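This report looks at aromatic rings, at charges placed over rings, and at a repeat annotation. Please keep the sequence and the structure in view while reading.

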Amino acid sequence: MGETFSRAIQWSSDADQLENSPLNNDILTEILLFTEDFDDRYPKEARILFREPLQWKTSLEAADFTSDIYDTRGEAAVSLECDDNGSPLLQLSPPDITVHSFYHLSNLLQLSKDKTMKEIRACLEGDTLIVHAFIAILLLLVNELYFCSVCVFLPREGRLSPEAVNTEVDLLKRFCGTGENRALKSVSYTSDYVFSNGCRSPPWRQMDGEICSLIIETCDTEPTLFITCSTSGVFYDERINGEGGVNYYMRKSELYKDIMTLLKNMSPHFAVAANEQVLLNTPGIQQFYLFQHILVMPYFLSCWFNTSDWHCWVSISLIVLVILFHYIKLWASLNINMSNRCICVCMHSKSPGGAGDFSESSSEDEEDEEQPERRAEIPTDLPSEYWQIQKLVKYLKGANQTATVIVLCALRDFNLVQETCQLAIRDVGGLEVLINLLDTDDIRCKIGSLKILKEISCNSQIRQTIADLGGLQTMVSILDSPDKELKGLAAETIANVAKFRRARRTVRQHGGIKRLVELLDCLPDSVSLSAEQERDADVARCGALALWSCSKSTRNKESIRRAGGIPLLARLLKSSQKNMLIPVVGTLQECASEKSYRIAIQTEGMIEDLVKNLSCDNQELQMHCASAIFKVRPGSDCQCEDKHTRDLVRQYEGLKPLVMLLNEAENKQLLAATTGAIWKCSISLENVAKFQEYKALEILVGLLKDQPEEVLVNVVGALAECAQISENLATIRKSGGIQPLVNLLTGTNQALLGNVTRAVGACATDPENMVIIDRLDGVRLLWSLLKNPNPEVQANAAWAICPCIENTKDAGEMVRSFVGGLELIVNLLKSQNKDVLASVCAAIAKIAKDVENLAVITDHGVVPMLANLTNTGDDKLRRYLAEAIACCCKWGSNCVSFGEAGAVAPLVHYLHSKDPSVHQATARALFELSKDPNNCITMHENGVVKLLLIMIGSTDEILQEAAASCVANIRRLALANDKAKYG
């Protein structure tokens with residue numbers, strides 16, 4: 001079907017370019033919007049690779065790829081992510097570009113800025129098969145949206161409410177009739193009087209939670225069923241005739257969650273009939289049939305006009321499809337507010353629906369995913385404020401301007417922070433009214449409405465409803481208002497609503513980010529502010545709050561940067577107002593995950609301001625400042641930039657305030673941020689010396705117990721860095737830190753295990769610490785972590801094992817005591833992770849120093865596995881691989897086996913490396929290998945003598961000796977050969 005609809009796209013006469021027509025523009029816009037947000041909506045599917053990559057001529061340049069996930073090399077750019085063959089998933093070689101997945105296609109369009117439409121057009125013109133694919137995907141999306149829209153909304157769990165019972169009774173009445181296919185004979189209430197709370201039971205029964213009583217006549221049960229509905233569920237009653245004609249009811253069944261479930265259990269006929277009829281009787285299915293008729297309608301129109309032009313039919317269908325697509329999306333989103341949750345009435349399957357399925361996904365955490373809307377329980381004993389608010393909202397619906405303002409003021413007198421008051425507004429349809437008031441011309445009505453929305457939007461259910469009703473779009477447009485109070489209230493309400501992904505995406509797509517950034521332009525650092533400037537500063541504070549909420553999205557971070565938000569945030573950071581600084585620093589610490597922000601935090605002088613605020617008296621501000629310092633940590637390719645940040649923190653005297661904040665152990669969020677900043681700063685040895693002076697290690701060791709994991713990760717990471725200085729090893733031991741570190745090796749948190757293995761390995765370099773680690777069975781725990789699926793944990797465990805073997809007296813026997821341990825570590829040479837391979841090679845070099853262990857690992861096939869790794873260009877792996885080969889050559893015929901496995905020639909090329917440690921390890925390995933004549937011949941053929949002669953002049957004595965010994969062995973072989981040849 002996608003191929004058929006794609007014929008509607010209008011091509012130029014030579015069929016190689018798209019015409020600039022309204023129909024084409026509509027199609028391109030739909031494809032662009034869908035593709036741009038594909039990664040947000042379907043993050044897992046976006047990572048799936050195309051069978052064939054998309055290729056086209058692009059107008060983008062390497063400078064446009066500013067994201068951290070891309071690497072620019074001159075005029076070219078490639079993604080850091082590669083496929084199984086090592087090929088980048090995005091590759092730019094101007095003007096050609098190749099893309100392998102929706103994830104990178106979506107990111108590319110985000111980076112294209114104002115060239116997005118041009119790029120999508122070029123992409124489609126590059127390969128017409130792409131058109132078919134995009135149209136097919138859009139059709140699938142329409143199908144998904146409509147599937148959600150044919151769902152009937154009923155409460156599914158929790159306490160029943162009068163509204164839920166009424167809805168279900170109305171549905172059951174549709175099953176009543178006189179025909180053979182009827183499911184029920186009749187359904188009726190025992191009382192026609194409805195109380196103000198929606199209940200029909202007498203007040204004394206409402207006290208027990210009763211809502212109403214029903215009389216239901218089924219087709220197969222006698223006598224008539226008397227059903228009681230209460231807030232706790234539904235049950236069957238038996239009527240008892242009492243004295244004086246008074247009837248009594250006695251409960252005769254278990255409690256059911258709803259009337260439908262009770263009837264299906266008591267009436268087999270109803271159970272069968274309901275399953276057959278329920279979908280056919282719902283308005284949603286009838287509208288689905290209408291949907292099918294609309295799609296077929298253009299075909300009949302073409303027949304009516306006696307035309308056989310299929311292109312005409314397809315064009316009309318595609319136009320109808322685009323219109324219907326928007327109609328269904330709007331219709332489905334509005335129906336979300338009908339009731340508690342979305343469930344299919346079909347008894348055989350359930351499917352969640354609604355706009356929440358299309359929430360934005362980027363760098364933010366999973367906990368702020370949009371949750372399905374859940375109606376709060378509405379007990380019958382609600383406080384009087386609930387009913388008073390509902391009356392006021394009803395007045396609001398029909399009031400004039402003056403009365404509207406009065407009602408809004410009256411509503412503000414209630415405690416709108418209380419959830420009952422918030423839900424009272426929502427349940428009576430007050431949110432729709434408040435949002436509609438934002439479109440009026442009366443400033444007083446707008447301000448009153450926004451003040452109420454600002455208060456009640458702290459409720460997660462209400463902010464989702466506001467987004468569903470289009471309230472965010474209206475608030476974004478209000479940001480252009482000349483009234484400063486109005487702008488501030490709109491921004492503050494946006495800050496509350498934009499707590500979930502779909503809302504943040506809506507703000508960005510409707511131009512809200514740029515408008516919010518414009519609100520930041522004020523002078524908060526002046527000595528004295530006029531009344532007008534104070535209002536500007538308050539508006540800027542509200543704008544910063546909204547940007548803080550929006551900055552949890554990666555794309556919003558980029559939008560803030562493009563809108564010029566960084567220098568404005570830097571200027572606001574110099575403010576002395578705490579309520580201004582908290583959202584500003586909060587925004588910065590969220591955005592610090594992006595490289596452009598990390599650079600700006602340094603170049604704009606923000607580190608000094610962050611450090612200064614570490615000493616303030618506001619713990620929330622201190623926490624955000626420490627978190628910002630912690631997050632300004634680039635990857636391994638930016639170590640110079642990272643060191644500069646650490647040096648700035650020390651230069652501005654920020655280390656001592658961080659140590660002082662460790663004493664605030666009760667505030668776990670502040671403690672996590674502080675320990676994270678200390679961990680980052682302790683990577684520099686100059687900072688570690690300062691931490692020694694401030695007695696930070698003793699405090700950190702004390703935090704190894706009874707702390708949440710996020711704190712432990714940072715504390716252990718800081719100790720691992722501090723342990724790089726030998727003086728600190730004794731401090732950690734004397735403070736009692738070895739045992740809690742070893743105990744943490746039994747945990748399951750991967751980040752914590754990665755750090756604790758490093759810390760234990762660093763501590764093991766001290767012989768006295770090693771005695772404690774051995775006594776606590778720490779080496780066995782480290783060895784067991786080699787089975788961990790996380791490559792980082794595997795690598796760190798292997799690195800930690802090296803000093804453990806080196807500093808244990810009977811290391812060979814200890815290693816042999818681990819059942820299956822040697823086989824396990826040899827098998828890790830099959831890993832695809834280079835750090836794992838390097839660490840395992842280093843451990844094997846230590847293990848091979850014991851002859852018995854060397855014999856065992858030889859039997860496990862260590863020689864061919866090491867030989868297979870020699871064709872590597874990674875200097876770190878080269879060094880430890882050469883060390884392992886040098887140590888393994890000392891057993892039996894291993895030296896000969898390495899030569900036969902082809903390990904000699906690649907080792908010779910290691911001498912071209914610029915790393916001196918690679919030279920030393922390689923020279924030692926070549927010396928051991930040169931004890932076999934055939935290896936000497938291979939070395940000579942690969943030009944090793946010239947390289948080794950240079951190494952002989954090195955100042956490294958070990959390198960000198962190994963190089964000279966290898967040359968000597970080669971020379972002896974040559975002399976022996978000459979002697980044998982010439983006598």
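## A pair at Tyr-386 and Trp-387

In this predicted model, Tyr-386 has a relative accessibility of 5% and therefore counts as buried, since the cut-off for a buried residue is under 20% relative accessible area. Trp-387, at 22% relative accessibility, counts instead as partly exposed.

These two residues, Tyr-386 and Trp-387, form an aromatic pair of the edge-to-face kind, with 4.8 Å from centre to centre and an angle of 85° between the planes.

## Aromatic pairs and the example of Phe-65

How many aromatic pairs does the structure hold? There are 7 aromatic pairs in the structure, and one of them joins Phe-65 and Tyr-70, whose rings are edge-to-face at 5.3 Å centre to centre, with 75° between the planes.

Are Phe-65 and Tyr-70 buried or exposed? Phe-65 is buried, having a relative accessible area of 4%, and Tyr-70 is buried as well, with a value of 6%.

## Charges over rings

Aromatic rings also appear here together with arginine side chains: Arg-47 lies over the face of Tyr-103, at 3.6 Å from the ring centre, while Arg-200 has its charged end over the ring of Tyr-189, 3.6 Å from the centre of that ring.

## The annotated repeats

In an unreviewed entry, UniProt lists residues 470-512, 820-862 and 902-935 under "repeat: ARM". Across residues 902-935, the chain is 68% helix and 0% strand, and the C-alpha atoms at the two ends of this stretch are 10 Å apart.

Notes:
Residues numbered from 1 in each chain as written. Predicted model: local features only at pLDDT ≥ 70, side-chain atom pairs only at ≥ 80, totals over all residues. Heavy atoms only, no water. UniProt positions renumbered as here; feature names shortened; annotations may be inferred. Helix = DSSP H or I, 4+ residues; strand = E, 2+ residues; numbered from the N terminus. Phe/Tyr/Trp six-rings, centres within 6.5 Å; stacked < 30°, edge-to-face > 60°. Buried < 20%, exposed > 50% of the residue type's maximum accessible area, 1.4 Å probe, protein only. Lys NZ or Arg CZ within 6 Å of the ring centre and 35° of its normal.
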